[in-house]
Amino acid sequence: MVESRHLPTVSVLVAVRNQEKFIGRCVRSILNQTYALRDYEIIVVNDASTDRTRQALELFAADIHVIDNPKQLGLPGSLNVAIRAAKGRFVVRVDGDDYIHAEYVNILALHLLMNSGMDAVACDYMLVDDNENVLDAVDCMKAPIGCGIMFRIEHLIELGLYDEDFLAHEDKDLRIRFLKRHAISRVALPLYRYRRHENNMTNDRSRMRAYLKGLKKKHGPRPEQPR
């Protein structure tokens with residue numbers, strides 16, 4: 001009899017470009033989970049990095065799946081590459097300059113496994129600086145971010161994944177579309193670490209304003225608020 005192949009329950013997705021300084025910390029935190037390693041996979045999409053990000057990822061070659069974009073696609077395009085490669089029932093995103101608590105995958109997955117009517121679950125997060133000093137503890141519903149949300153993969157496929165035209169605010173666009181059909185539940189535990197540093201994409205205010213304008217054009221001046 002042919003033995004059936006064991007598939008992961010969770011796919012952890014990392015889209016990264018030029019994060020050689022932080023990507024090692026990110027990947028180590030994902031590998032250091034209480035959740036059984038055989039039950040989750042780590043998919044890292046290297047978005048044509050020009051620094052030593054690729055070399056840093058080679059240190060973890062035995063435990064992660066790396067996809068190299070031959071040319072830069074941008075964050076939403078890279079995330080879509082990762083989702084299409086995912087084998088898990090649930091998908092969750094971690095940015096390459098962030099890191100997570102050891103119970104991150106376990107607690108989020110447990111909520112979806114034990115609650116069939118739950119569409120997605122988000123955890124609170126700690127805002128940290130370059131040296132990992134905690135700056136603030138944040139309610140994920142009051143100040144949502146694109147990471148720290150575990151989705152059922154079929155819902156993302158049904159929505160058509162990320163809109164690749166949004167090279168910023170891609171998370172807001174996805175959230176608006178998701179909430180028109182589904183709900184996001186909150187886990188009031190700060191399991192995600194969102195790093196604040198000088199190279200954060202959100203620091204480019206003119207870029208963020210331009211894509212916010214596009215968001216309002218697509219969804220209206222007062223898009224649906226998170227539930």
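**Notebook: buried rings, the core, and two polar sites**

I looked up Phe151 and Phe178 to begin with, and both are buried (under 20% relative accessible area; over 50% is exposed and in between is partly exposed, with a 1.4 Å probe and protein chains only). I am working on a predicted model, where local features need pLDDT of at least 70 and side-chain atom pairs count only at pLDDT 80 or more, while totals for chains, interfaces and linings use all residues. Residues are numbered from 1 along each chain as its sequence is written, and side-chain values use heavy atoms, with hydrogens and water left out.

**Aromatic pairs**

I took rings of Phe, Tyr and Trp (its six-membered ring) as paired if their centres lie within 6.5 Å, with planes under 30 degrees apart stacked, over 60 edge-to-face and the rest tilted. By this rule I count four aromatic pairs. One of them is Tyr104 with Tyr192, a tilted pair at 6.0 Å centre to centre and 50° between the planes. Tyr104 lies in helix H4 and Tyr192 in strand E9, so this pair ties together parts 88 residues apart in sequence. Helices (H or I, at least four residues) and strands (E, at least two) are DSSP runs numbered from the N terminus. Tyr104 counts as buried because its relative accessibility is 0%. Tyr192 also counts as buried, at 1%. The rings of Phe151 and Phe178 have centres 5.0 Å apart and planes at 70°, so I enter that pair as edge-to-face. Phe151 is in strand E8 and Phe178 in helix H6, 27 residues apart, and the pair links distant parts of the chain.

**Helices H6 and H4**

Is H6 enclosed or open? Nine of the 10 residues of H6 (170-179) are buried, so I note this helix as largely enclosed by the rest of the structure. The buried residues of H6 include the charged Glu170, Asp171, Asp173, Arg175 and Arg177, where Lys and Arg count as positive, Asp and Glu as negative, and His and the chain ends are not counted.

In H4 (104-114) I find Tyr104, Val105, Ile107, Leu108, Ala109 and Leu112 buried. They pack against strands E1 (10-16), E4 (90-93), E5 (99-100), E6 (120-128), E8 (149-152) and E9 (184-195).

**Core**

A nonpolar core here is a set of buried Ala, Val, Leu, Ile, Met, Phe, Trp, Tyr and Cys residues joined through side-chain atoms within 4.5 Å. The largest has 65 residues, and Val10, Ile30, Val94, Tyr104, Met150 and Tyr192 touch the most other members. I listed the contacts (heavy atoms within 4.5 Å) of Val94 beyond four places in sequence, and among them are Ile30, Ile100, Tyr104, Cys147 and Tyr192.

**Asp47**

Asp47 sits in the loop between strand E2 (40-46) and helix H2 (53-58). I find it buried yet without a salt bridge (side-chain nitrogen of Lys or Arg within 4 Å of a carboxyl oxygen of Asp or Glu). The nearest side chain of opposite charge, Arg17, is 5.4 Å away. What does its side chain reach instead? It makes a polar contact (N or O atoms within 3.5 Å, one able to donate a hydrogen and the other to accept it, with residues adjacent in sequence counted only if both atoms are side-chain atoms) with the side chain of Asn69 at 2.9 Å. Another such contact of Asp47 goes to the side chain of Ser78, at 3.4 Å.

**His6**

His6 is in the segment before E1. I enter His6 as partly exposed because its relative accessible area is 38%. Its side chain reaches the backbone oxygen of Arg38 at 3.2 Å and makes a polar contact with the side chain of Asp39 at 2.9 Å. His6 and Arg38 are 32 residues apart in sequence and 8.2 Å apart, C-alpha to C-alpha.
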